[in-house]
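Thanks for coming. I'll take a few minutes to go through the strands, one helix and two loop residues.

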Amino acid sequence: MKKFLAVVLCIAVALTLTGCGDFKYDKEDKQILAEYVGKGGDVVIPEGITEVGARSFRNCESLTSVVIPDGVTFISTSAFSGCTNLKSVTIPSSVDRISNSVFYGCTSLESIVIPEGVTRIYSMAFAECTNLTEIKLPSTIEAFDINVFLNTPWLENKRKENPLVVVNNILVDGKTCAGDVVIPNGVTSIEQSAFSGCESIESVTIPDGVTRIDWYAFGRCPNLKSVILPDSASYVDHDAFQGSKNVSITYKGRTYSYDELDDFREAAYK
């Protein structure tokens, strides 16, 4: 019976993966690197792929460096998560998105260059990279998802410079702010969970020019009492103020209490 199950498992793997040597590819799309099965060390991914697949190197603790070839456009979910000895990553300029938790828990990674052309970095991409102090970010970044830099020295150092962490006119983090917060001119969006859980902010004034306030941006801020929004805020996520039960929101000449959030949402989406 055990032998039969082993054969079935091998067949199932063969149906989804193909390849030889250190790299396995998706059977339906051989341009997707599906799994690395090598011994680690310094790895150069072969030319000809367009995607580093989900979890393809996950928990490969022997991996010390990786070169991703030109032509790759997407690094998928958790591709290198848990690679605790990974110290060097080369990302080509062809990459335009870095997915969720791609480098989560890469505790030996100290610096990384994100090339021009990357437009979005998804949630937790560098979270728990506890030695990551240097990140070069491109001018092409348009959005960050939740907790991209959670528990990194890079974020801690940025907070010490200014509790409002702004990258490319995107407000990424304000969780260490206190009292009355005035967001500076030039900011165009407030990203996911930027202030969430901040117990010390009491009011926030948002300048004209901010067009987007994303998911849970001010969620669960128990002492937040007043937010003044500009008319330019054309997108306010449905849950931007979720759980901040003492807040009142002034928008386009009207002030809404927390109990009137549905009315505010209706006004915001007109």
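**Strand order and pairing**

What you see is a predicted model. One open sheet holds 5 strands in the order β14-β15-β17-β19-β21, and the pairing within this sheet is mixed. Why are β14 and β21 left with one side lacking a neighbour in the sheet? Both β14, residues 165-167, and β21, residues 235-236, stand at the edges with a single partner strand each, so one side of each has no neighbour there.

Within that order, β17 (residues 189-190) runs parallel to β19 (residues 212-213), and 2 bridges join them. Ser189 has Arg212 of β19 opposite.

Then the helix. α2, residues 153-161, lies across β14 and across β15, which covers 170-173. The helix runs at about 110 degrees to β14.

Next, another set of pairings. Strand β16, residues 179-182, is joined to strand β18, residues 201-205, by 4 bridges, and the two run parallel. Gly179 has Ile201 in β18 as its bridge partner. β18 also pairs with β20, residues 226-228, in the parallel sense, over 3 bridges. There, Val204 has Val227 of β20 opposite.

Last, backbone angles. Most residues other than glycine have a negative phi. Asn169, in the loop between β14 and β15, has a positive phi, near 70 degrees. Is Asn169 buried or exposed? Asn169 is partly exposed, at a relative accessible area of 41%. Asn59 also has a positive phi, near 60 degrees, and sits in the loop between β5 (51-52) and β6 (63-67).

That's what I have; I'll take questions.

Technical notes:
Residues are numbered from 1 along each chain as its sequence is written. This is a predicted model: local features need pLDDT of at least 70, side-chain atom pairs count only at pLDDT 80 or more; totals for chains, interfaces and linings use all residues. Side-chain values use heavy atoms; hydrogens and water are left out. Two strands pair if DSSP finds at least two bridges between them. Contact means heavy atoms within 4.5 Å. Axes are lines fitted to C-alpha atoms, for helices over the stretch in contact, and angles run from 0 to 180 degrees between N-to-C directions. Buried means under 20% relative accessible area, exposed over 50%, partly exposed in between (1.4 Å probe, protein chains only).
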